[in-house]
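Colleague: Got a minute to walk me through this model? I'd like short answers, please.

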Amino acid sequence: MITDKTKRNEIAKEGGISTLKALIGAIPFAGTAINEAIFEARGRIKQNRVNNFIEGFSEFLGQYSEEKINLEQIGKEEFGDFFEELIIKVAKTHSAIKIEAFKNLLANQLIEPKAIEYADLLLDIAGNLQEKQIPILHGFNENFASSYVEYSGQLIEEQGELSKYEKELKAEYWKLDSDEDAFCVDEIQELERNIESQKKTIGRTKELVQKHSKPFKAETYNCEGYEFFYLIQDLANKGLVVDMGVKYGAEPFALVEITQLGMDLIEFIKEKKPAANNVQNGK
(Lines give C-alpha, C1' and ligand atoms only; values in the text may rest on other atoms or scores of the structure.)
Protein backbone atom coordinates (compact mmCIF):
# COMPACT_ATOMS: atom_id res chain seq x y z
CA MET A 1 0.00 0.00 0.00
CA ILE A 2 1.35 3.42 -0.98
CA THR A 3 1.08 5.82 1.98
CA ASP A 4 1.13 9.61 1.99
CA LYS A 5 4.59 9.42 3.55
CA THR A 6 5.82 7.25 0.66
CA LYS A 7 4.38 9.71 -1.86
CA ARG A 8 6.07 12.62 -0.08
CA ASN A 9 9.39 10.77 -0.09
CA GLU A 10 9.10 10.03 -3.81
CA ILE A 11 8.22 13.65 -4.61
CA ALA A 12 11.13 14.87 -2.49
CA LYS A 13 13.48 12.42 -4.18
CA GLU A 14 12.39 13.48 -7.68
CA GLY A 15 12.68 17.12 -6.70
CA GLY A 16 16.17 16.54 -5.34
CA ILE A 17 17.27 14.78 -8.53
CA SER A 18 15.85 17.58 -10.69
CA THR A 19 17.72 20.17 -8.63
CA LEU A 20 20.93 18.14 -8.86
CA LYS A 21 20.55 17.80 -12.64
CA ALA A 22 20.05 21.54 -12.96
CA LEU A 23 23.15 22.27 -10.88
CA ILE A 24 25.26 19.80 -12.85
CA GLY A 25 23.91 21.11 -16.14
CA ALA A 26 25.20 24.57 -15.22
CA ILE A 27 28.80 23.31 -15.13
CA PRO A 28 30.60 24.94 -18.07
CA PHE A 29 31.34 22.71 -21.06
CA ALA A 30 30.90 19.38 -19.21
CA GLY A 31 27.54 19.71 -17.47
CA THR A 32 25.40 18.05 -20.15
CA ALA A 33 27.90 15.19 -20.60
CA ILE A 34 28.03 14.56 -16.83
CA ASN A 35 24.25 14.46 -16.59
CA GLU A 36 24.18 11.94 -19.44
CA ALA A 37 26.86 9.80 -17.81
CA ILE A 38 25.33 9.84 -14.32
CA PHE A 39 21.59 9.80 -14.89
CA GLU A 40 20.97 8.48 -18.39
CA ALA A 41 23.83 6.12 -19.29
CA ARG A 42 24.27 4.78 -15.75
CA GLY A 43 20.57 3.99 -15.52
CA ARG A 44 20.70 2.04 -18.79
CA ILE A 45 23.86 0.20 -17.72
CA LYS A 46 22.32 -0.86 -14.40
CA GLN A 47 19.10 -1.97 -16.06
CA ASN A 48 21.05 -4.01 -18.62
CA ARG A 49 23.03 -5.66 -15.84
CA VAL A 50 19.83 -6.69 -14.08
CA ASN A 51 18.20 -7.86 -17.31
CA ASN A 52 21.23 -9.95 -18.28
CA PHE A 53 21.40 -11.40 -14.79
CA ILE A 54 17.73 -12.44 -14.80
CA GLU A 55 18.01 -13.97 -18.28
CA GLY A 56 21.15 -15.89 -17.33
CA PHE A 57 19.62 -17.01 -14.06
CA SER A 58 16.51 -18.23 -15.84
CA GLU A 59 18.61 -20.36 -18.17
CA PHE A 60 20.64 -21.68 -15.26
CA LEU A 61 17.59 -22.62 -13.19
CA GLY A 62 16.16 -24.43 -16.22
CA GLN A 63 18.69 -27.20 -15.57
CA TYR A 64 16.71 -28.29 -12.52
CA SER A 65 13.45 -30.15 -12.25
CA GLU A 66 10.57 -28.29 -10.61
CA GLU A 67 10.53 -30.45 -7.49
CA LYS A 68 14.10 -29.39 -6.71
CA ILE A 69 13.09 -25.73 -6.39
CA ASN A 70 11.85 -24.63 -2.97
CA LEU A 71 8.73 -22.79 -4.16
CA GLU A 72 7.58 -22.24 -0.58
CA GLN A 73 10.76 -20.24 -0.02
CA ILE A 74 9.85 -17.84 -2.83
CA GLY A 75 6.56 -16.86 -1.18
CA LYS A 76 8.20 -15.68 2.04
CA GLU A 77 8.52 -11.96 2.70
CA GLU A 78 12.11 -12.46 3.89
CA PHE A 79 13.04 -14.00 0.55
CA GLY A 80 11.56 -11.00 -1.24
CA ASP A 81 13.83 -8.72 0.80
CA PHE A 82 16.78 -11.00 0.11
CA PHE A 83 16.09 -11.01 -3.64
CA GLU A 84 15.68 -7.22 -3.74
CA GLU A 85 19.01 -6.69 -1.97
CA LEU A 86 20.73 -9.15 -4.31
CA ILE A 87 19.39 -7.35 -7.40
CA ILE A 88 20.65 -4.02 -6.03
CA LYS A 89 24.11 -5.55 -5.67
CA VAL A 90 23.92 -6.98 -9.19
CA ALA A 91 23.07 -3.53 -10.58
CA LYS A 92 26.09 -2.02 -8.84
CA THR A 93 28.78 -4.39 -10.09
CA HIS A 94 30.43 -4.87 -13.47
CA SER A 95 32.43 -7.90 -12.28
CA ALA A 96 31.57 -11.11 -14.13
CA ILE A 97 33.03 -13.12 -11.24
CA LYS A 98 30.75 -11.41 -8.72
CA ILE A 99 27.71 -11.72 -11.01
CA GLU A 100 28.41 -15.46 -11.22
CA ALA A 101 28.67 -15.59 -7.43
CA PHE A 102 25.32 -13.81 -7.04
CA LYS A 103 23.70 -16.19 -9.54
CA ASN A 104 24.92 -19.24 -7.62
CA LEU A 105 24.01 -17.67 -4.30
CA LEU A 106 20.43 -17.06 -5.42
CA ALA A 107 20.12 -20.54 -6.91
CA ASN A 108 21.45 -22.19 -3.77
CA GLN A 109 19.01 -20.25 -1.62
CA LEU A 110 16.17 -21.63 -3.77
CA ILE A 111 17.47 -25.20 -3.89
CA GLU A 112 19.17 -25.69 -0.51
CA PRO A 113 18.07 -22.64 1.50
CA LYS A 114 19.94 -21.48 4.56
CA ALA A 115 18.34 -19.62 7.47
CA ILE A 116 17.48 -16.24 6.00
CA GLU A 117 19.55 -14.32 8.58
CA TYR A 118 22.64 -16.32 7.62
CA ALA A 119 21.87 -16.02 3.91
CA ASP A 120 21.59 -12.23 4.36
CA LEU A 121 24.96 -12.21 6.13
CA LEU A 122 26.63 -14.21 3.34
CA LEU A 123 25.05 -11.99 0.69
CA ASP A 124 26.32 -8.88 2.44
CA ILE A 125 29.84 -10.32 2.71
CA ALA A 126 29.82 -11.47 -0.93
CA GLY A 127 28.71 -8.02 -2.06
CA ASN A 128 31.63 -6.40 -0.24
CA LEU A 129 34.30 -8.75 -1.57
CA GLN A 130 36.78 -7.51 -4.12
CA GLU A 131 36.87 -9.53 -7.33
CA LYS A 132 40.27 -11.13 -6.66
CA GLN A 133 39.22 -12.23 -3.18
CA ILE A 134 36.78 -14.78 -4.60
CA PRO A 135 39.39 -16.96 -6.36
CA ILE A 136 41.68 -16.52 -3.34
CA LEU A 137 38.99 -17.94 -1.07
CA HIS A 138 38.33 -20.76 -3.56
CA GLY A 139 42.05 -21.58 -3.52
CA PHE A 140 42.21 -21.61 0.28
CA ASN A 141 39.05 -23.68 0.50
CA GLU A 142 40.24 -26.31 -1.98
CA ASN A 143 43.52 -26.63 -0.08
CA PHE A 144 42.14 -26.45 3.43
CA ALA A 145 43.37 -29.95 4.21
CA SER A 146 46.83 -29.29 2.72
CA SER A 147 49.84 -29.03 5.01
CA TYR A 148 51.18 -25.71 3.73
CA VAL A 149 50.66 -23.85 7.02
CA GLU A 150 51.89 -26.80 9.07
CA TYR A 151 55.03 -27.28 6.97
CA SER A 152 55.70 -23.53 6.86
CA GLY A 153 55.45 -23.33 10.63
CA GLN A 154 57.71 -26.35 10.93
CA LEU A 155 60.23 -24.65 8.61
CA ILE A 156 60.29 -21.54 10.80
CA GLU A 157 60.99 -23.70 13.86
CA GLU A 158 63.72 -25.64 12.07
CA GLN A 159 65.38 -22.43 10.87
CA GLY A 160 65.28 -21.16 14.45
CA GLU A 161 66.98 -24.34 15.63
CA LEU A 162 69.67 -23.92 12.94
CA SER A 163 70.27 -20.34 14.05
CA LYS A 164 70.71 -21.56 17.63
CA TYR A 165 73.31 -24.16 16.57
CA GLU A 166 75.19 -21.55 14.54
CA LYS A 167 75.31 -19.14 17.48
CA GLU A 168 76.57 -21.91 19.74
CA LEU A 169 79.23 -22.85 17.20
CA LYS A 170 80.37 -19.24 16.95
CA ALA A 171 80.67 -19.09 20.75
CA GLU A 172 82.76 -22.29 20.81
CA TYR A 173 85.11 -20.93 18.13
CA TRP A 174 85.47 -17.73 20.15
CA LYS A 175 86.46 -19.74 23.22
CA LEU A 176 88.95 -21.74 21.17
CA ASP A 177 90.55 -18.60 19.74
CA SER A 178 90.73 -16.76 23.06
CA ASP A 179 91.85 -19.56 25.39
CA GLU A 180 94.75 -21.81 24.38
CA ASP A 181 93.83 -24.27 27.14
CA ALA A 182 90.20 -24.60 25.97
CA PHE A 183 89.09 -28.13 25.12
CA CYS A 184 86.07 -27.60 22.90
CA VAL A 185 86.98 -29.49 19.73
CA ASP A 186 84.44 -32.23 20.41
CA GLU A 187 81.70 -29.67 21.02
CA ILE A 188 82.59 -27.91 17.76
CA GLN A 189 82.45 -31.13 15.77
CA GLU A 190 79.15 -32.08 17.34
CA LEU A 191 77.65 -28.70 16.52
CA GLU A 192 78.95 -28.87 12.94
CA ARG A 193 77.28 -32.27 12.51
CA ASN A 194 74.06 -30.88 13.96
CA ILE A 195 74.20 -27.93 11.59
CA GLU A 196 74.70 -30.10 8.52
CA SER A 197 71.89 -32.43 9.60
CA GLN A 198 69.59 -29.47 10.28
CA LYS A 199 70.31 -27.96 6.85
CA LYS A 200 69.28 -31.23 5.19
CA THR A 201 66.10 -31.30 7.28
CA ILE A 202 65.32 -27.71 6.28
CA GLY A 203 65.92 -28.57 2.62
CA ARG A 204 63.36 -31.39 2.78
CA THR A 205 60.82 -29.20 4.56
CA LYS A 206 61.30 -26.42 1.99
CA GLU A 207 60.42 -28.89 -0.75
CA LEU A 208 57.20 -29.79 1.08
CA VAL A 209 56.32 -26.12 1.56
CA GLN A 210 56.93 -25.43 -2.13
CA LYS A 211 54.78 -28.40 -3.14
CA HIS A 212 51.75 -26.93 -1.36
CA SER A 213 52.46 -23.22 -1.80
CA LYS A 214 50.70 -22.30 -5.07
CA PRO A 215 47.27 -21.38 -3.61
CA PHE A 216 48.99 -19.18 -1.04
CA LYS A 217 51.15 -17.11 -3.42
CA ALA A 218 50.32 -13.64 -4.74
CA GLU A 219 51.34 -14.48 -8.31
CA THR A 220 48.76 -17.28 -8.44
CA TYR A 221 46.08 -14.58 -8.47
CA ASN A 222 47.98 -12.03 -10.59
CA CYS A 223 48.61 -9.89 -7.52
CA GLU A 224 51.55 -7.86 -6.39
CA GLY A 225 52.78 -8.80 -2.94
CA TYR A 226 51.45 -5.64 -1.28
CA GLU A 227 48.02 -6.10 -2.91
CA PHE A 228 47.84 -9.75 -1.85
CA PHE A 229 48.71 -8.74 1.72
CA TYR A 230 45.91 -6.18 1.73
CA LEU A 231 43.36 -8.63 0.28
CA ILE A 232 44.28 -11.27 2.87
CA GLN A 233 44.13 -8.77 5.71
CA ASP A 234 40.69 -7.63 4.52
CA LEU A 235 39.49 -11.25 4.36
CA ALA A 236 40.68 -11.69 7.93
CA ASN A 237 38.80 -8.55 8.99
CA LYS A 238 35.67 -10.06 7.46
CA GLY A 239 36.20 -13.28 9.43
CA LEU A 240 36.79 -15.38 6.30
CA VAL A 241 40.41 -16.34 7.04
CA VAL A 242 42.43 -16.53 10.23
CA ASP A 243 46.10 -15.75 10.78
CA MET A 244 47.77 -18.98 11.93
CA GLY A 245 51.32 -17.65 11.86
CA VAL A 246 51.21 -16.11 15.34
CA LYS A 247 52.03 -19.37 17.08
CA TYR A 248 55.04 -19.90 14.80
CA GLY A 249 56.37 -16.35 14.99
CA ALA A 250 55.70 -15.79 11.27
CA GLU A 251 55.13 -12.40 9.64
CA PRO A 252 51.52 -11.14 9.95
CA PHE A 253 49.15 -12.88 7.49
CA ALA A 254 51.95 -14.97 5.99
CA LEU A 255 50.25 -18.18 7.14
CA VAL A 256 46.46 -18.09 6.96
CA GLU A 257 43.66 -20.65 6.79
CA ILE A 258 40.06 -20.28 5.69
CA THR A 259 37.50 -20.16 8.51
CA GLN A 260 34.17 -21.97 8.73
CA LEU A 261 32.44 -18.74 7.67
CA GLY A 262 34.73 -18.59 4.66
CA MET A 263 33.97 -22.20 3.75
CA ASP A 264 30.23 -21.58 4.11
CA LEU A 265 30.47 -18.54 1.84
CA ILE A 266 32.37 -20.45 -0.85
CA GLU A 267 29.87 -23.29 -0.65
CA PHE A 268 27.02 -20.76 -1.02
CA ILE A 269 28.46 -18.99 -4.07
CA LYS A 270 29.68 -22.15 -5.78
CA GLU A 271 27.79 -23.58 -8.74
CA LYS A 272 26.27 -26.96 -7.98
CA LYS A 273 25.57 -28.97 -11.10
CA PRO A 274 22.29 -30.87 -10.94
CA ALA A 275 22.42 -34.63 -11.16
CA ALA A 276 21.41 -36.01 -14.57
CA ASN A 277 18.09 -37.32 -13.25
CA ASN A 278 17.26 -33.88 -11.82
CA VAL A 279 17.26 -32.12 -15.17
CA GLN A 280 13.83 -31.28 -16.50
CA ASN A 281 14.46 -32.93 -19.83
CA GLY A 282 15.37 -36.13 -18.07
CA LYS A 283 12.19 -36.44 -16.05
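**Two helices in contact**

Modeller: Let's start with helix H6 (residues 116–127) and helix H11 (residues 260–268), which pack at an angle of about 85° with their axes 10 Å apart. Helices here are DSSP runs of H or I with at least four residues, strands are E runs of at least two, and both are numbered from the N terminus. Axes are lines fitted to C-alpha atoms, for helices over the stretch in contact, and angles run from 0 to 180 degrees between N-to-C directions.

Colleague: What do you call that arrangement of H6 and H11?

Modeller: H6 and H11 are roughly perpendicular to each other. The cut-offs are under 35 degrees for roughly parallel, over 145 for roughly antiparallel, 65 to 115 for roughly perpendicular, and oblique for the rest.

Colleague: Which residues make the contact?

Modeller: From H6, they are Tyr-118, Ala-119, Leu-121, Leu-122, Ile-125 and Ala-126. H11 brings Leu-261, Asp-264, Leu-265 and Phe-268. Contact means heavy atoms within 4.5 Å.

Colleague: How do the residues between H6 and H11 divide into nonpolar, polar and charged?

Modeller: There are 9 nonpolar, no polar and 1 charged. Nonpolar covers Ala, Val, Leu, Ile, Met, Phe, Trp, Tyr, Cys and Pro; charged covers Asp, Glu, Lys and Arg; the others, Gly among them, are polar.

Colleague: Okay, step back. What am I looking at overall?

Modeller: This is a predicted model, where local features need pLDDT of at least 70, side-chain atom pairs count only at pLDDT 80 or more, and totals for chains, interfaces and linings use all residues. Residues are numbered from 1 along each chain as its sequence is written, and side-chain values use heavy atoms, with hydrogens and water left out.

Colleague: How many helices and strands are there?

Modeller: The protein chain has 11 helices and 2 strands. Along the sequence the pattern is α-α-α-α-α-α-α-α-α-α-β-β-α.

Colleague: And what share of the chain is buried?

Modeller: Of its 283 residues, 36% count as buried. Buried means under 20% relative accessible area, exposed over 50%, and partly exposed in between (1.4 Å probe, protein chains only).

Colleague: How about contacts along the chain?

Modeller: Take contacts between residues at least 6 apart in sequence: 70% of them join residues at least 24 apart.

Colleague: Show me one residue up close.

Modeller: Try Ile-87, in helix H4 (residues 77–92). Ile-87 has a relative accessible area of 15%, so it is buried.

Colleague: What is Ile-87 in contact with, beyond its neighbours within four places in sequence?

Modeller: Val-50, Phe-53 and Ile-54. Ile-54 is 33 residues from Ile-87 along the chain, and their C-alpha atoms are separated by 9.1 Å.

Colleague: Switching topic. How many salt bridges does the structure hold?

Modeller: It holds 8. A salt bridge is a side-chain nitrogen of Lys or Arg within 4 Å of a carboxyl oxygen of Asp or Glu.

Colleague: Why would side chains pair like that?

Modeller: Side chains of opposite charge can pair when their charged atoms come close.

Colleague: Any in H4?

Modeller: Glu-85 and Lys-89 form one, at 3.6 Å from N to O. Both lie in H4, 4 residues apart, about one turn of the helix.

Colleague: Is Lys-89 buried or exposed?

Modeller: Lys-89 is buried, at 15% relative accessible area. Glu-85 is partly exposed, at 36%.

Colleague: Got another pair?

Modeller: Arg-193 and Glu-190 meet at 2.8 Å, N to O. They sit 3 residues apart in helix H9 (residues 185–211), about one turn of the helix. Arg-193 is partly exposed at 49%, and Glu-190 is partly exposed at 38%.

Colleague: One more?

Modeller: Lys-270 and Glu-267 form a salt bridge at 3.2 Å, N to O. Salt bridges that share partners also join Glu-100, Lys-103 and Glu-271 into one network.

Colleague: Last thing: what about backbone angles?

Modeller: Asn-222 has a phi near 55°, a positive value in a residue other than glycine. Asn-222 lies in the loop between H9 and helix H10 (225–237) and is exposed, at 66% relative accessible area.

Colleague: Where does Phe-253 lie?

Modeller: Phe-253 is in the loop between strand S1 (241–243) and strand S2 (256–258). Phe-253 has a positive phi too, about 65°, although it is not a glycine. Its relative accessible area is 22%, so Phe-253 is partly exposed.
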